[in-house]
Amino acid sequence: MLDAHISPEGTLSLQTIAMPADTNWSGDVFGGWIVSQMDLAGAIHAERFSKGRCATISINQMTFLVPVKVGDVISCYTKILKVGNTSIQMQIEVWDSHDSSRPPKRVTEGVFTFVAVDVKGNKRTIAEDLKQQFLQHAS
Ligand SMILES: CC(C)(COP(=O)(O)OP(=O)(O)OC[C@H]1O[C@@H](n2cnc3c(N)ncnc32)[C@H](O)[C@@H]1OP(=O)(O)O)[C@@H](O)C(=O)NCCC(=O)NCCS
């Protein structure tokens, strides 16, 4: 499990509502749907950061903490953990903020890695000034 903090960490990169079409036979939302929202959120952040296209190369440490139900408003928070030559490692947390009378709860978390790619899909080097920007922000 990632850090046991009690409020979202990182940038709000995507917010959406779980719909009936996203559920399995028992009425809970498919884990795959949640993972795809996380992937989109991470890609949005990685592409903004690296100023270009990114592709997902790995998904690690996925933990589904609480089931998501139809009508839940989920918020995906993304935080860059590490920037390499071509890769960006990202912590992605999903919080359910459906019920405004109660504090939001973390429902899923994971670590995704994206690779910066060019228009042909070949990896590209992340600019040095962006790496420095990240290091300054992180310290
Ligand atoms: C992304 C892609 C172009 C990378 O090319 P590649 O030759 O495989 O790249 P490399 O093996 O040199 O790895 C590139 C970076 O990813 C990192 N990486 C590779 N495999 C990894 C893994 N399993 N987990 C985490 N990072 C990984 C490498 O360490 C390297 O990081 P660095 O440059 O910051 O040091 C290629 O793998 C690809 O096209 N994959 C398919 C992507 C895709 O279709 N994703 C799903 C839909 S978006």
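What sign does phi take at K51, just after α1? Positive, about 55°. I'll come back to K51 in a minute.

Ground rules, quickly. This is a predicted model, where local features need pLDDT of at least 70 and side-chain atom pairs count only at pLDDT 80 or more, while totals for chains, interfaces and linings use all residues. Residues are numbered from 1 along each chain as its sequence is written, and side-chain values use heavy atoms, with hydrogens and water left out.

On confidence: pLDDT is the predictor's own confidence in each residue, from 0 to 100. The mean for the protein is 93, and 96% of its residues reach 70 or more. Among the elements, α1 has the highest mean, 98, and α2 the lowest, 92. When I say helix or strand, I mean DSSP runs numbered from the N terminus: H or I over at least four residues for helices, E over at least two for strands.

So, the sheet. Five strands make an open sheet in the order β1-β3-β4-β5-β2, with antiparallel pairing. The edges are β1, residues 11-17, and β2, residues 54-64, and each of them pairs on one side only. Neighbouring strands are turned by 25° against each other on average, direction ignored; the axes behind that are lines fitted to C-alpha atoms, for helices over the stretch in contact, with angles from 0 to 180 degrees between N-to-C directions. Two strands count as paired if DSSP finds at least two bridges between them. As a reminder, strands of a sheet pair through backbone hydrogen bonds, either parallel or antiparallel.

Let's walk across it. β1 and β3 are antiparallel over six bridges, and L12 has Y77 in β3 as its bridge partner. Next, β3, residues 73-83, is joined to β4, residues 87-96, by nine bridges. Those two strands form a hairpin with three residues between them. If you want to click along that ladder, V83 stands opposite I88, and K82 has Q89 as its partner.

Moving on, β4 and β5 pair over 10 bridges, again antiparallel. Then β5 and β2 are joined by eight bridges. V111 in β5 is a handy landmark: Q91 is its bridge partner in the pairing with β4, and N60 stands opposite V111 as well.

How many residues of β5 are buried? 11 of the 12, so β5 is largely enclosed by the rest of the structure. For the cut-offs, buried is under 20% relative accessible area, exposed is over 50%, and partly exposed is in between, with a 1.4 Å probe and protein chains only.

There's one aromatic pair in the model. F112 and F114 are stacked, 6.3 Å centre to centre with 15° between the planes. The rule takes rings of Phe, Tyr and Trp (its six-membered ring) with centres within 6.5 Å; planes under 30 degrees apart are stacked, over 60 edge-to-face, and the rest tilted. F112 is buried at a relative accessible area of 0%, and F114 is buried at 0% too.

Now α1, residues 31-50. It has 20 residues and reaches 28 Å from its first C-alpha to its last, close to the 28 Å expected at 1.5 Å a residue; that expected span is 1.5 Å times one less than the number of residues. The buried residues of α1 include W33, I34, M38 and F49. What do the buried residues pack against? β1, β2, β3, β4, β5 (105-116) and α2 (128-138), where contact means heavy atoms within 4.5 Å.

Back to K51. It sits in the loop between α1 and β2, and its positive phi comes although K51 is not a glycine. At 66% relative accessibility, K51 counts as exposed. Q61 is another non-glycine with a positive phi, near 50°. Q61 lies in strand β2, and it is exposed at 52%.

Last stop is N122, in the loop between β5 and α2. Buried or exposed, or partly exposed? N122 counts as partly exposed, at 43%. Leaving out residues up to four places away in sequence, N122 touches A116 and V117. The C-alpha atoms of N122 and A55 are separated by 9.7 Å, with the two residues 67 apart along the chain.

That's my tour, thanks.
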